[in-house]
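Student: Could you pick one part of this model and take me through it closely? I'd like to follow the reasoning, and then hear what lies elsewhere in the model.

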Amino acid sequence: MSPFTDDELKQKVQDGYMVEGPEDMTEGYRKALVVQLTVQADTELMSAPSYWMAARYAPSTNTQVSAHAIIQDELAHANIAYRLLEDIGESKEHLVYGRQPHEFKHPYGFDQPLDNWAELVVATGFFDRAGITLLTDVHENTSYAPLKRALVKIGMEETFHLRHGEVWMRRLSKAGGEAKEMVQRAVDWMFPMTIEWFGLPDDMKRHSGQLDYRLKGLTNDQLRQVWMSATVPLCEQLGLHVPAHWDAEREAYVLDYPFPCQYDAVDKHWAFDEGEISWDAVFERWKGRGPMNEIYVESVQRSRLDVARWLDGKAAA
Amino acid sequence: MREIVYDVFARKGRGDQLVHIGYVDAFDDETAKVYAWKTYDEENWFEMCVVERDAIIPVTNGEGHFAQLKRARDE
Ligand SMILES: [Fe+2]
Ligand SMILES: [Fe+2]
């Protein structure tokens with residue numbers, strides 16, 4: 001364990017100290033890092049079945065290849081994040097194969113079905129942009145050196161995912177007609193979904209220690225602004241409507257709908273007309289998980305026990 | 001299905017430094033080679049090697065990443 005007290009470590013990381021391994025950490029630091037890495041690993045892992053089940057809507061063999069290249073990257077990113085967790089005393093075996101579907105910590109967006117090619121490309125355009133926004137901040141600010149190093153590769157690949165999503169959003173939008181309508185419909189549910197992903201607004205945020213330990217640099221609201229500053233202009237340029245605009249007076253992007261609000265996962269519909277709800281109601285919805293949660297987790301865990309049993313049988317013979 | 005940790009080292013081009021780029025969990029050397037090549041495909045590496053983490057001998061007995069991980073494993 002760390003030669004420093006928690007307060008000393010907090011001060012040191014603010015002054016630029018880099019943590020290289022478990023001996024440099026206090027228990028508080030380790031716990032905060034475990035939470036952060038678990039969310040990161042679970043998000044990468046659950047994006048894979050979500051994209052994988054949607055890849056069947058790819059319109060050509062080439063697009064099949066690029067969709068699967070993205071999925072391959074996501075699984076590699078998940079592996080890397082679970083490896084980092086193992087190195088600080090957690091079990092990848094338990095995290096991937098030993099948990100119930102509702103125990104995973106990925107965002108609610110990756111509990112939703114992606115039902116056509118437009119939804120897959122908007123997901124890579126929006127969700128991967130959210131991923132890059134969060135991970136770029138971590139890369140630039142984290143005090144945990146092994147994570148900073150790992151994020152070099154992950155950042156390069158996320159940029160490719162994002163480009164793939166945006167290129168296709170542009171292509172479908174420019175075509176107009178049904179193609180554009182499909183993109184618009186995907187944007188309608190995925191824009192608020194991503195906004196919500198960034199979590200509690202700063203004035204309500206419980207103290208997490210992630211900023212104190214310099215595991216990240218920006219607050220939830222700042223990250224939401226970074227995401228909007230790329231996404232809103234892109235959509236405006238493509239003639240897609242998004243429920244947010246630039247407010248010159250406040251020098252910030254402002255949402256044009258009650259936030260947070262309720263979501264009907266079956267109809268993929270945000271109940272703007274029902275007004276603002278409490279964050280407790282949002283956490284309740286998240287905790288109940290979305291329609292694809294069990295299916296996605298099951299698809300990842302499915303064959304583990306079967307094959308382990310075959311192998312054990314063979315070893316015993 | 002016990003997997004072993006392998007560390008992955010690679011060199012971008014002829015004349016470049018060999019650097020630690022990551023790690024894979026694999027059953028044996030052969031699968032480690034495949035996983036490393038497929039996982040770290042963000043560059044067209046000129047040279048890539050994997051080494052079992054247990055075979056890495058920290059020379060400085062200090063605060064480095066591998067020294068710390070080794071002590072944690074030895075505990
Ligand atoms: Fe990823
Ligand atoms: Fe991605």
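Tutor: Happy to. To read a metal site we need a rule for donors: N, O and S atoms within 2.8 Å of the metal count, and water is not among the atoms, so a site may look incomplete. Please keep in mind that this is a predicted model.

Let's begin with the iron ion (ligand 2). A:Glu74 (OE), A:Asp128 (OD), A:Glu158 (OE) and A:His161 (ND1) coordinate it, at 1.9 to 2.1 Å. The angles that these four donor atoms subtend run from 88 to 156°, which makes the arrangement irregular. For a tetrahedral label, all angles would have to lie between 85 and 135 degrees, and the upper end of the range here is 156°. As background, the ideal angle for four tetrahedral donors is 109.5 degrees.

Along the sequence, the donor residues of the iron ion (ligand 2) follow the spacing E-x53-D-x29-E-x2-H. Two of these donors make a pair that links distant parts of the chain: A:Glu74 belongs to helix α3 of chain A and A:Glu158 to helix α6 of chain A, 84 residues apart. A:Glu74 and A:Glu158 are both buried.

Now for the partner ion. The iron ion (ligand 1) has A:Glu44 (OE), A:Glu74 (OE), A:His77 (ND1) and A:Glu158 (OE) around it, at 1.8 to 2.3 Å. Its site is irregular too, with angles of 87 to 141° among the four donor atoms. The same cut-off settles the tetrahedral label: 141° falls outside the window of 85 to 135 degrees, so the site cannot be called tetrahedral. The spacing of the donor residues of the iron ion (ligand 1) reads E-x29-E-x2-H-x80-E.

The two sites belong together: the iron ions (ligand 1 and ligand 2) are 3.5 Å apart, and A:Glu74 coordinates both. Around the iron ion (ligand 1), distant parts of the chain are again linked, this time by A:His77 in helix α3 (residues 61-87) and A:Glu158 in helix α6 (residues 145-175) of chain A, a pair 81 residues apart. A:His77 is buried, as is A:Glu158.

We can stay with helix α6 of chain A for a moment, as A:His164 is found there. The relative accessible area of A:His164 is 11%, so this residue counts as buried. Apart from neighbours within four places in sequence, A:His164 has contacts with A:Ser66, A:Ile70, A:Trp117 and A:Thr124.

One helix crossing in chain A also rewards a look. The axes of helix α2 (residues 27-54) and helix α10 (residues 293-301) come within 9 Å and cross at roughly 100°. That angle makes α2(A) roughly perpendicular to α10(A). On the α2(A) side, the contact is made by A:Leu45, A:Met46, A:Pro49, A:Ser50, A:Trp52 and A:Met53; on the α10(A) side, by A:Ile295, A:Tyr296, A:Val297, A:Ser299 and A:Val300. Sorted by class, this contact has nine nonpolar residues, two polar ones and no charged ones.

If you like checking backbone geometry, chain A offers three places to stop. The peptide bond from A:Phe259 to A:Pro260 is cis, its omega being near 0°, and A:Pro260 sits in the loop between β2 (252-255) and β3 (263-264) of chain A. A:Glu251 has a positive phi near 50° although it is not glycine. Its place is the loop between β1 (244-247) and β2 of chain A, and with a relative accessibility of 62% A:Glu251 counts as exposed. A:Lys268, also not glycine, likewise has a positive phi near 50°, and lies in the loop between β3 and β4 (269-270) of chain A. A:Lys268, however, is buried, at 16% relative accessible area. For context, most residues other than glycine have a negative phi, and most peptide bonds are trans.

Finally, a word on chain B. It has two helices and three strands, which run β-β-α-β-α from the N terminus on. Along the principal axes, the C-alpha atoms of chain B fill a box of roughly 40 × 35 × 15 Å. Chain B has 75 residues, of which 33% count as buried. Among its contacts with a separation of 6 or more, 40% come from residues 24 or more positions apart.

Key: Residues numbered from 1 in each chain as written. Chains lettered and ligands numbered in written order. Predicted model: local features only at pLDDT ≥ 70, side-chain atom pairs only at ≥ 80, totals over all residues. Heavy atoms only, no water. Donors = N, O, S within 2.8 Å, 3.2 Å for Na, K, Ca; no water. Tetrahedral: all angles 85-135°; square planar, octahedral: opposite > 155°, others 65-115°. Helix = DSSP H or I, 4+ residues; strand = E, 2+ residues; numbered from the N terminus. Buried < 20%, exposed > 50% of the residue type's maximum accessible area, 1.4 Å probe, protein only. Axes fitted to C-alpha atoms, helices over the stretch in contact; angles between N-to-C directions. Parallel < 35°, antiparallel > 145°, perpendicular 65-115°, else oblique. Contact = heavy atoms within 4.5 Å. Nonpolar A, V, L, I, M, F, W, Y, C, P; charged D, E, K, R; others polar.
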